[in-house]
Amino acid sequence: MIPWRESWTNYGKFFGKKSAFVSLEWFPIFANYRRDGYDFDARWDDELANIRSKKIMDCFEDQDELIGLELKRRAGFGKGGEKNFNGILTDLQMQTYLVTKDFRRKVNKRGGEYGMPVCVYSKPEDLWGYDMVSSNYKEEPAESREKIFEHLSHSYPFASEAQMKRLLK
């Protein structure tokens, strides 16, 4: 098991499309702000999500987790298919619809591991349950944003307001 899983933190592209950790305590606040009150299906129904995002999220209907390369193949990205898999995946992480569950090495036909570890993605609801992830939905997204901004301001007092706003975009 990866070390941060034991301390219940989430790893993903959460700030300025860069990788970072968000604690489980802060994740519902972050999800409320980034999702702006929308679960993915509601975002799709209101035509706020694109078809490539939908293709990726649909892969999790019958799977709790998927390795990045398998997700890419199942969602129809790659040669002759959809484009910008990494960009769409980053957007879904920024919106907190997907998180990195683990890193695993690929397995060859004989069952041996090889190569560098690759990301295993999951919906946060599959990891911690819908109730935990949506526990801050009662709050206005702007209020959640302000909580995050205050927390980051205290944690990084040397950062300017403009830098903080860029991170939270």
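Which residues are linked with Asp62 in a network of salt bridges? In this predicted model, the network joins Asp62 to Glu70, Arg73 and Arg74, and it offers a convenient place to begin a walk through the structure.

Salt bridges appear in other places too, and the count for the whole model comes to 14. One of them pairs Arg104 with Glu65, whose side chains meet with N and O 2.7 Å apart. Because Arg104 belongs to strand β4 while Glu65 sits in the loop between α4 (51-58) and β3 (66-67), this pair ties together parts that are 39 residues apart in sequence. Arg104 has a relative accessible area of 28% and is therefore partly exposed, and Glu65, at 23% relative accessibility, also counts as partly exposed. Arg104 forms a salt bridge with Asp102 as well, where the closest N and O atoms are 3.4 Å apart; Asp102 has a relative accessibility of 15%, so it counts as buried.

A further salt bridge joins Asp39 to Arg35, with 3.8 Å between the closest N and O atoms. Here the two partners fall into separate classes of exposure, since Arg35 is buried at 0% relative accessibility, whereas Asp39, at 24%, is partly exposed. The reasoning behind these labels rests on one cut-off, because a residue is called buried when its relative accessible area is under 20%.

From Arg104 we can turn to the strand that holds it. Strand β4, residues 99-107, runs antiparallel to strand β5, residues 113-122, and seven bridges join the two. Within this pairing, Phe103 of β4 stands opposite Cys119 in β5. The two strands form a hairpin with five residues between them, and in this hairpin Gly111 takes a positive phi near 90 degrees. When looking along such strands, it helps to remember that in a regular strand the side chains alternate between the two faces of the sheet.

The helices can be followed in a similar way, beginning with α4 and helix α6, which spans residues 85-94. The axes of these helices come within 10 Å and cross at roughly 75 degrees, and α4 and α6 are therefore roughly perpendicular to each other. On the α4 side the contact is made by Arg52, Ser53, Ile56 and Met57, and on the α6 side by Phe85, Ile88, Leu89 and Leu92. Helix α6 is largely enclosed by the rest of the structure, because seven of its ten residues are buried. Those buried residues are Phe85, Ile88, Leu89, Thr90, Leu92, Gln93 and Met94. After α6 comes Thr96, which has a positive phi near 65 degrees.

What, finally, lies in the interior? The largest nonpolar core has 20 residues, and among these Phe14, Phe15, Val22, Phe27, Ile148 and Leu168 touch the most other members. Two or more residues come from each of β1 (9-15), β2 (18-23), α2 (27-35), α7 (124-128), α9 (141-155) and α10 (161-168), and α2 gives the most, with five residues. Ile148 shows how such contacts reach across the chain: leaving aside residues up to four places away in sequence, Ile148 touches Trp26, Ile29, Phe30, Tyr33 and Leu168. Apart from this core lies another, of 18 residues, which includes Phe40, Phe77, Leu92 and Tyr97. Leu92 thus links two parts of this account, since Leu92 belongs to that other core and also takes part in the contact between α4 and α6.

Conventions: Residues are numbered from 1 along each chain as its sequence is written. This is a predicted model: local features need pLDDT of at least 70, side-chain atom pairs count only at pLDDT 80 or more; totals for chains, interfaces and linings use all residues. Side-chain values use heavy atoms; hydrogens and water are left out. A nonpolar core is a set of buried Ala, Val, Leu, Ile, Met, Phe, Trp, Tyr and Cys residues joined through side-chain atoms within 4.5 Å. Buried means under 20% relative accessible area, exposed over 50%, partly exposed in between (1.4 Å probe, protein chains only). Helices (H or I, at least four residues) and strands (E, at least two) are DSSP runs, numbered from the N terminus. Contact means heavy atoms within 4.5 Å. Two strands pair if DSSP finds at least two bridges between them. A salt bridge is a side-chain nitrogen of Lys or Arg within 4 Å of a carboxyl oxygen of Asp or Glu. Axes are lines fitted to C-alpha atoms, for helices over the stretch in contact, and angles run from 0 to 180 degrees between N-to-C directions. Angles under 35 degrees count as roughly parallel, over 145 as roughly antiparallel, 65 to 115 as roughly perpendicular and the rest as oblique.
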